[in-house]
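Here are a few short exercises to work through with the model open beside you. Try each one before reading its solution.

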Amino acid sequence: MAEITLHGNATQTSGELPSKDSNASDFTLKATDLSEKSLNDYSGSRLVLNIFPSVDTGVCAASVRKFNEKAAQLDNTKVLCISRDLPFAQKRFCAAEGIENVEMLSDYVDGSFGKEFGLTISDGPMKGLHSRCVVVLDENHKVVYTEQVPEITDEPNYDTALNTFS
């Protein structure tokens, strides 16, 4: 388990993020059109997994906006924004914000992505949601960078994550 905080109060996650140089686990998530997406759908592409509790919070929304802005500048790289929000909420947010350069994916069905990647919040008021993390995968879907943001209300280190490919 990893210890993180919410407004300074300690909380735990269900495990640890995948280790650097490990192969990413496959997943099945729902897209905003309710289709299923798996890791194989992104074969040959580098991936930035922007994972967060809910798009309906200020910091989560800011991370989607920031990655949307930066993603347009990346070659052969897709940014996947992953939360337990319903796909309808994700779609509504993207439409309202003009988000076009990232792909929203939902783990609402059973939370299996969060469990497999060890980032489900296991206690406290946000129990069951995903902690704020960034996992970067190369084109072979090997883990090249991870960040578990220690304080849920803080933003991830965008530049370090995106400079992984430089």
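**Exercise 1.** How many residues lie between β8 and β9 in their hairpin, and which residue in the turn has a positive phi?

Some ground rules come before the solution. This is a predicted model, where local features need pLDDT of at least 70, side-chain atom pairs count only at pLDDT 80 or more, and totals for chains, interfaces and linings use all residues. Residues are numbered from 1 along each chain as its sequence is written, and side-chain values use heavy atoms, leaving out hydrogens and water.

*Step 1.* Find strand β8 at residues 133–137 and strand β9 at residues 143–148; strands are DSSP runs of E, at least two residues, numbered from the N terminus.

*Step 2.* Look at the link: five residues separate β8 from β9 in the hairpin, and H141 in the turn has a positive phi of about 65°.

**Exercise 2.** Work out which strands pair with β8.

*Step 1.* Pairing takes at least two DSSP bridges between two strands. β8 and β9 run antiparallel over five bridges, with V134 opposite E147.

*Step 2.* Strand β5 (residues 46–51) also pairs with β8, antiparallel over five bridges. There, I51 has C133 as its bridge partner.

**Exercise 3.** Decide whether β8 is buried or exposed.

*Step 1.* Buried means under 20% relative accessible area, exposed over 50%, partly exposed in between (1.4 Å probe, protein chains only).

*Step 2.* Check each face: C133, V135 and L137 are buried on one side, V134 and V136 on the other.

*Step 3.* Five of the five residues are buried, so β8 is largely enclosed by the rest of the structure.

Note on methods:
Helices (H or I, at least four residues) and strands (E, at least two) are DSSP runs, numbered from the N terminus.
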